[in-house]
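Me: Please take a close look at one part of this model, the residues that the UniProt record marks as a binding site, together with what surrounds them. I would like a connected account rather than a list.

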Amino acid sequence: MTTLDSRTVAVGEDDRAAFRAGPVDEESRSRLADGGLEYRRVAVEGDDYPSWLQSVARGFQDGERSAEQIAASRERSGYRRLTGVYDPQAPVADAPVATIASWLGELSVPGDAVIPSCAISAVTVAPTHRRRGVARAMLEGELRAAHAAGVPMAMLTVSESPLYGRYGFAPAAAGAEWRIETKRAAWIGPRPGGRVDFVSRERVRELLPVLHERVRPSVAGEIDVPGSHWDGFAGTNPAAEKTGEKRAVQYADADGEVRGAAVYAVRENHEDFTKATVDVHYLLAETDDAYAALWRFLLELDLVAEVHASQLSVDEPLLWMIADQRAAKVTVRDHQYVRILDVVASLETRRYGGAGTLVLDVSDPLGIAAGRYLLEVDESGAGRVRSLGSETVDAVTVALGVTELSATYLGGVSLATLAAAGRVTVTDAAAESSVNALAMATSVLGWHTAPRLSIWY
Ligand SMILES: CC(C)(COP(=O)(O)OP(=O)(O)OC[C@H]1O[C@@H](n2cnc3c(N)ncnc32)[C@H](O)[C@@H]1OP(=O)(O)O)[C@@H](O)C(=O)NCCC(=O)NCCS
């Protein structure tokens, strides 16, 4: 991993390959072996890949994958480290009874920086082997393996909320789902110059990753998106269904520079042709003008009554671009989960919302990040962190679990809210009231824009 400046560490191809090739965690391997199960890596290019993929599909209650789908998935999965748990006693012993995939990616953090992060995906345990600790062994195993490889952070998105807090993960960037009644909304936002044009799916497949690379460092919570996802959004995966429904547009500014793109599909309403629904699959805007132009385009489509979009931020400017805010029904859900593995490296990478000094007394159910740390943030928002051991320091102390520290990491969860929920304790030995201490600590750990993540992975 290469240090670009004091805070940004870019993940190179060599780092990614080394991470993929790393061994499975010995503690988990031995625990699973005690239960008669074999825990091993699976090669994407090898003979075990099709049955591994079929086990993932079955684990998510999905149908069997076709040969074409397996080939397309194999071609796009080279970036992943795959692991399976096998039961030699099972009648179909070559189909894993549990699966997990991970890869070394980059997570954007407050302050235009990125941090190397272990992304975890495809966690499944067969219904025949559930609730006997197999998922726990795999999750703990991948976290220990990532930590041993020097990766400071882990991240995932979830099918169910209660699964991952026990391993130290916290939802740090919420996702907002919007349903907008277009006729009622009425556009009052800017009407920038430039132009919106239809483009082919192949063209938008080229555009999205380029635009995303420009946008993602400044949006905490975003990750470097694997190429297979762009195929999914653009409808250019040859094994995907209903790609013909997808429409793509780009926005070019007054100088002709492409600054944004959107992919959407229209669902007709057969009872009333004036009331179709638009599903926005992806919208990416590099500038405020691109944002306004693309949303206005979508909200003013003829024959459309509702626009539906997910994985938006909880603080979208769009709310202030429509005349009737109640035209938008917004549902907020936990979305991007993060888990700090290395407290010093993680906290030194992000920027902070205010100056101040905090002692962080961190507990960790897996022991990985536990300890006492001194965080000193200067006026520029840069933080210096060091491990304190048993040394005492006269500063405001925040006692919290690694889950709660991870929740605050992207600046989208307020420490004051966690304190009110009884999840953290803030004490200031020198002060009579802990209110100012809490206000200071909350401002230090906060950030001025809400984090977001525009994909599932
Ligand atoms: C979720 C899943 C992976 C759990 O696998 P599992 O092997 O049964 O889990 P484990 O036996 O290791 O359980 C580990 C812990 O999680 C808890 N847990 C497991 N599934 C849970 C669920 N659905 N809801 C709440 N808690 C759950 C267990 O009670 C256990 O708690 P504890 O160790 O703190 O006492 C499995 O049920 C599955 O494959 N589900 C369908 C696919 C899916 O949703 N995967 C997750 C993708 S993000």
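Reply: Strands, as the word is used here, are DSSP runs of E covering at least two residues, and they are numbered from the N terminus. In this predicted model, Val123 belongs to one of them, strand S6, which covers residues 113-125. The UniProt record, in an unreviewed entry, places a "binding site" feature at a set of residues that includes Val123, Thr124, Val125 and Val134. Of the annotated residues, Thr124 and Val125 are included in the lining of the largest cavity.

Val123 counts as buried because its relative accessibility is 18%, and the cut-off for that term is under 20%. Leaving aside neighbours within four places in sequence, Val123 is in contact with Phe60, Thr99, Ile100, Met138, Leu139 and Tyr164. Phe60, in turn, sits in the loop between helix H3 (49-59) and H4, and with a relative accessible area of 44% Phe60 is partly exposed. Beyond its neighbours within four places in sequence, Phe60 is in contact with Ala122, Val123 and Thr124, the last two of which carry the record's annotation.

Val134, another of the annotated residues, is found in helix H5, residues 134-148. Val134 is buried, with a relative accessible area of 2%, and, not counting residues up to four places away in sequence, Val134 touches Leu32, Leu37, Val85, Ala98, Val125 and His129. Among these partners, Val125 is itself part of the annotated set, so that the contact between Val134 and Val125 joins two residues of the "binding site" feature.

Key. Residues numbered from 1 in each chain as written. Predicted model: local features only at pLDDT ≥ 70, side-chain atom pairs only at ≥ 80, totals over all residues. Heavy atoms only, no water. Helix = DSSP H or I, 4+ residues; strand = E, 2+ residues; numbered from the N terminus. Buried < 20%, exposed > 50% of the residue type's maximum accessible area, 1.4 Å probe, protein only. Contact = heavy atoms within 4.5 Å. UniProt positions renumbered as here; feature names shortened; annotations may be inferred. 1 Å grid on protein atoms, 1.4 Å probe; cavity = no way out; pocket = protein on both sides within 12 Å on 5 of 7 lines; lining within 4 Å.
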